[in-house]
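Trainee: Please choose one part of this model and take me through it closely. I should like to follow the reasoning from individual side chains to their surroundings, and then to the chain as a whole.

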Amino acid sequence: MVTGKLMKLGQRLGCVLALSVLALVLWSVPGTKALDNGLAMTPTMGWLHWERFMCNVDCTEEPDSCISEQLFMQMADLMVSDGWKDAGYQYLCIDDCWMAPTRDSKGRLQADPERFPGGIHHLANYVHSKGLKLGIYADVGQKTCAGYPGSFGYYDIDAKTFADWEVDLLKFDGCFCDSVKHLADGYKHMSLALNRTGRSIVYSCEWPLYLWPFHKPNYTEIRQYCNHWRNFGDIFDSWQSVKGILDWSSSNQDTIVDVAGPGGWNDPDMLVIGNFGLSWDQQVTQMALWAIMAAPLLMSNDLRHISPQAKALLQDKDVIAINQDILGKQGYLLRKEDKFEVWERPLSNLAWAVAIRSLREIGGPHSHTISVATLGRAAACNPACLITQLLPVKKELGLFEWTSALKMQINPTGTVLVRIKKPS
């Protein structure tokens with residue numbers, strides 16, 4: 001969660017084919033060292049409460065939507081019964097506002113006793129009994145973004161507390177930190193402290209987000225300490241917000257794309273599919289582009305009240321397979337032309353995913369034609385390829401030769417996602 005400036009940025013701020021294949025092989029060799037905890041080898045998938053439920057602590061007036069043990073137990077039940085766990089959504093994550101206002105007599109964080117009467121360890125046991133994993137939230141600074149106790153000066157004791165509670169993921173925010181040095185030192189300290197506990201805990205950082213107002217982050221260093229990291233401000237349930245994240249990501253792709261890979265990922269923030277602010281085409285765009293960007297898929301919605309259409313989109317096994325592809329290369333914006341963007345992502349077995357996004361926000365559907373020879377670094381369809389459309393609906397488009405053209409009709413603000421692979 002983010003707004004403001006560090007201290008209150010802090011409040012949340014044939015030959016061609018051979019050469020092409022060789023280039024792809026060389027390009028696929030990992031170059032940046034990742035956090036060595038063996039976790040997040042593919043992007044993390046799960047559910048996170050913040051965008052949908054925010055910091056609602058009024059369980060008297062709004063018992064069904066306040067941040068409480070009951071809410072997370074209900075979501076855990078649904079993640080199993082409604083197919084989310086089977087689709088790959090594994091982590092049930094608590095964000096800000098779970099804490100009591102003060103630490104206990106031994107300096108440990110504690111859950112609000114009224115809203116979490118069983119405590120976090122009890123909740124972790126319940127979540128684990130469902131075959132899921134539990135995520136929790138803390139902050140590198142003096143306070144969390146919502147004003148609860150921060151971890152500054154308590155990194156080791158907080159890491160041990162989370163391990164004792166059998167937590168599986170930590171989202172570590174950056175509010176109320178008084179200097180860039182303390183910010184960096186704090187993120188590094190907590191990373192090492194988590195590893196020293198001996199428990200496998202995915203480490204989700206917001207470190208670069210809080211550095212950008214001051215200087216360009218050192219992503220090579222950040223990747224050595226974090227499993228994924230936020231670069232941009234909080235997502236909202238709006239198309240303007242999703243567009244802003246996509247625009248920032250493409251504008252900064254030369255800096256952020258190559259550092260991503262197994263064990264460390266750029267995090268463009270939560271999926272808001274199934275809420276109120278996006279049209280159907282815009283929901284398709286978010287799902288398609290988050291798959292292309294190899295983004296963590298952390299939904300923030302109400303699984304008790306989600307449409308069958310949104311559920312099917314979020315559980316689409318073909319799109320999830322792209323997101324989770326074992327090659328672990330983040331996709332990128334290939335080009336922008338005629339009010340369309342073409343994004344592509346290399347996949348395992350010399351396959352590619354391509355997303356064509358319409359930038360139009362007026363009128364009706366428009367057609368866009370692309371030469372398949374330009375896709376996949378000129379190798380995807382050399383000498384031929386099979387193309388399958390995955391979104392907005394799945395259909396086989398057939399065999400294409402290197403000289404072929406691919407023509408798509410796309411709704412305003414919508415996206416068509418295709419998978420390209422070599423013929424058997």
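**Aromatic rings around one residue**

Mentor: Let us start from Phe-172, which has a relative accessible area of 0% and is therefore buried. The model is a predicted one. Tyr-203 is also buried, because its relative accessibility is 1%, and the limit for burial is under 20%.

A pair of aromatic rings is described by two quantities, the distance of the centres and the angle of the planes. There are 14 aromatic pairs under the rule applied here. In the pair formed by Phe-172 and Tyr-203, the ring centres are 6.1 Å apart and the planes meet at 45 degrees, so the pair counts as tilted. The reasoning rests on the angle, because under 30 degrees would count as stacked and over 60 as edge-to-face. Phe-172 belongs to strand 4 (residues 169–173) and Tyr-203 to strand 5 (residues 202–205); the pair thus links distant parts of the chain, 31 residues apart.

The rings of Tyr-187 and Trp-207 are arranged as follows: their centres are 5.8 Å apart and their planes are at 0 degrees, so this pair is stacked. Tyr-187 is located in helix 8 (residues 180–196) and Trp-207 in helix 9 (residues 207–211), so the pair ties together parts that are 20 residues apart in sequence. Tyr-187 counts as buried at 0% relative accessibility, and Trp-207 is buried with a relative accessible area of 1%. Both pairs belong to one cluster, in which ring pairs link Phe-152, Tyr-155, Phe-172, Tyr-187, Tyr-203, Trp-207 and Tyr-225.

Tyr-155 leads from the cluster to helix 7 (residues 155–164), where the buried residues are Tyr-155, Asp-158, Ala-159, Thr-161, Phe-162 and Ala-163. These buried residues pack against strand 3 (133–139), strand 4 and helix 8. Strand 4 is the strand of Phe-172, and helix 8 holds Tyr-187. After helix 7 comes Glu-166, which has a positive phi, near 65 degrees.

Rings also take part in another kind of arrangement, with charged groups. Lys-143 places its charged end over the ring of Phe-176, 4.6 Å from the ring centre. The charged end of Arg-52 sits over the ring of Phe-53, at 6.0 Å from its centre.

For a buried residue in a loop, consider Val-372, which lies between strand 12 (366–371) and strand 13 (384–391). Its relative accessibility is 0%, so Val-372 counts as buried. Apart from neighbours within four places in sequence, Val-372 is in contact with Cys-381, Ile-387, Phe-400, Glu-401, Trp-402, Ser-404 and Leu-406.

Finally, the setting of these details is the whole chain, which contains 15 helices and 16 strands. Its radius of gyration is 22 Å, close to the 22 Å that the globule rule gives for 424 residues, so the chain is as compact as a globular protein of that length. The C-alpha trace spans about 70 × 40 × 40 Å along its principal axes. Of the 424 residues, 58% count as buried. The chain exposes about 16500 Å², of which carbon and sulfur atoms supply 54%.

Note on methods. Residues are numbered from 1 along each chain as its sequence is written. This is a predicted model: local features need pLDDT of at least 70, side-chain atom pairs count only at pLDDT 80 or more; totals for chains, interfaces and linings use all residues. Side-chain values use heavy atoms; hydrogens and water are left out. Rings of Phe, Tyr and Trp (its six-membered ring) pair if their centres lie within 6.5 Å; planes under 30 degrees apart count as stacked, over 60 as edge-to-face and the rest as tilted. Helices (H or I, at least four residues) and strands (E, at least two) are DSSP runs, numbered from the N terminus. Buried means under 20% relative accessible area, exposed over 50%, partly exposed in between (1.4 Å probe, protein chains only). A charge sits over a ring if NZ of Lys or CZ of Arg is within 6 Å of the ring centre and within 35 degrees of the ring normal. Contact means heavy atoms within 4.5 Å. The radius of gyration is taken over C-alpha atoms; the globule rule is 2.2 Å times the number of residues to the power 0.38. Accessible areas come from the Shrake-Rupley method with a 1.4 Å probe; for residues, only the protein chains shown count as cover.
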